Amino acid sequence: MILLTPSSGFLKQAQRLFLSETATGLQIKEFARKNAANALSISNLLMGMASILSSLNGHHYAACWLVLIGYLLDLADGAVARRLDACSALGAKLDDFGDFTTFGIATSLLLRTPDLMDNILCMCYVMSVFVRLVFYSTGIPFMYRGLPCIYSSAILACLSLLTGGNMAVLRLTAVAMILFMVSQTFYPHDRVLESQAWKKAIYAGGIVMVFCSSFPSACVYYLLWSVSYILFPTALWSCKV
């Protein structure tokens with residue numbers, strides 16, 4: 001809704017920048033600084049939309065791969081916003097829209113079959129992501145309540161690829177991920193790109209794996225990364241560690 005409002009600060013900035021003949025290099029740099037993180041969030045949203053279309057057209061491999069690219073984009077957008085001092089209400093909304101699209105709707109479609117119970121499971125998964133994003137704000141710095149949905153999505157996407165879409169495995173995993181997401185368990189804020197060098201190296205490895213590696217090794221990499229966050233959240237992944 002905010003993107004369509006004429007009074008939106010983003011639209012005003014864009015109009016001043018692109019409709020003015022006297023726009024300076026400094027103004028362009030300032031616009032880029034304020035919207036770099038928003039561009040990453042929109043890219044995540046686009047990955048989710050592309051994954052949805054891939055699933056609906058039977059391109060299962062591409063649908064899973066696009067979810068993993070969204071995983072990387074989501075970890076980056078917040079870090080870029082804080083680094084550039086460009087946090088905003090618009091950015092927070094775009095981040096939530098992107099997360100819900102990629103890690104809610106797109107991921108749920110990986111579970112879709114003609115079976116009624118599988119479709120109900122898809123809806124339950126989407127609703128658990130919705131609940132996690134909307135109602136589970138802790139108010140505690142550096143902490144989440146409930147498993148962040150990017151990790152449950154990465155696990156489902158990787159298992160879907162590794163097992164060839166084995167629905168028995170995916171059903172059990174989806175139920176477990178739903179319970180993790182709606183649980184009252186606290187998880188640390190995973191500021192991977194704002195923490196120790198080894199975490200940044202893992203992120204860089206994720207980029208290499210998703211774009212330059214064969215899918216089995218990439219899936220194992222992301223699966224271990226995500227499962228380690230569930231098993232050792234504070235010991236390994238707290239931004240204070």
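The following legends describe an overview and several close-up views of a predicted model.

Residues are numbered from 1 along each chain as its sequence is written, and side-chain values use heavy atoms, with hydrogens and water left out. Because the model is predicted, local features need pLDDT of at least 70 and side-chain atom pairs count only at pLDDT 80 or more, while totals for chains, interfaces and linings use all residues.

**Figure 1. Overview of the chain and its order of elements.** The chain holds ten helices and two strands, where helices (H or I, at least four residues) and strands (E, at least two) are DSSP runs numbered from the N terminus. Their order from the N terminus is α-α-α-α-α-β-α-α-β-α-α-α. Of the 241 residues, 44% are buried; buried denotes under 20% relative accessible area, exposed over 50%, and partly exposed in between (1.4 Å probe, protein chains only). The accessible surface is about 12000 Å², and carbon and sulfur atoms contribute 70% of that area; areas come from the Shrake-Rupley method with a 1.4 Å probe, and for residues only the protein chains shown count as cover. Among contacts (heavy atoms within 4.5 Å) with a separation of 6 or more, 73% join residues 24 or more positions apart.

**Figure 2. Helix 2 and its bend at asparagine 35.** Helix 2 comprises 32 residues, 25–56, and extends 43 Å from its first C-alpha to its last, close to the expected 46 Å; the expected span is 1.5 Å times one less than the number of residues. At asparagine 35 helix 2 bends by about 50°, the bend being the angle between axes fitted to the seven residues ending there and the seven starting there. Asn35 is itself buried, and the buried residues of helix 2 also include Phe31, Asn38, Asn44 and Ile52. Just after helix 2, glycine 58 adopts a positive phi of about 85°.

**Figure 3. Aspartate 85 in the loop between helix 3 and helix 4.** Helix 3 spans 60–83 and helix 4 spans 89–108, with aspartate 85 in the loop between them. Most residues other than glycine have a negative phi. Aspartate 85, although not a glycine, has a positive phi near 55°. With 66% relative accessibility, aspartate 85 is classed as exposed.

**Figure 4. The largest nonpolar core.** A nonpolar core is a set of buried Ala, Val, Leu, Ile, Met, Phe, Trp, Tyr and Cys residues joined through side-chain atoms within 4.5 Å. The largest one contains 51 residues, and those with the most contacts inside it are Leu68, Tyr71, Leu111, Tyr125, Leu147, Tyr222 and Trp225. Elements giving two or more residues to this core include helix 5 (116–135), helix 7 (167–182) and helix 9 (215–231). Helix 3 supplies the largest share, twelve residues. Tryptophan 225 touches Tyr71, Leu72, Leu75, Ile202, Tyr203, Gly206 and Trp237, when residues up to four places away in sequence are not counted.

**Figure 5. Aromatic pairs and a ring cluster.** Rings of Phe, Tyr and Trp (its six-membered ring) pair if their centres lie within 6.5 Å; planes under 30 degrees apart count as stacked, over 60 as edge-to-face and the rest as tilted. The count by this rule is 14 aromatic pairs. Phenylalanine 130 and phenylalanine 135 form an edge-to-face pair, because their ring centres are 6.2 Å apart and their planes stand at 80°. Tyrosine 221 and tyrosine 222 also pair edge-to-face, with 6.0 Å between centres and 70° between planes. Tyrosine 221 is partly exposed at 22% relative accessible area, whereas tyrosine 222 is buried at 0% relative accessibility. Ring pairs join Tyr71, Tyr151, Tyr187, Trp198, Tyr221, Tyr222, Trp225, Tyr229 and Trp237 into a cluster.

**Figure 6. Surroundings of cysteine 158 in helix 6.** Cysteine 158 has 0% relative accessibility and therefore counts as buried. Apart from neighbours within four places in sequence, cysteine 158 contacts Leu68, Cys219, Tyr222 and Leu223. Cysteine 158 and proline 216 are separated by 58 residues in sequence and by 8.6 Å in space, C-alpha to C-alpha.

**Figure 7. Surroundings of threonine 185 in the loop between helix 7 and strand 2.** Strand 2 covers 186–188. Threonine 185 is partly exposed, with 39% relative accessibility. Beyond neighbours within four places in sequence, threonine 185 is in contact with Tyr144, Arg145 and Gly146. Threonine 185 and tyrosine 144 lie 41 residues apart in sequence and 8.3 Å apart in space, C-alpha to C-alpha.
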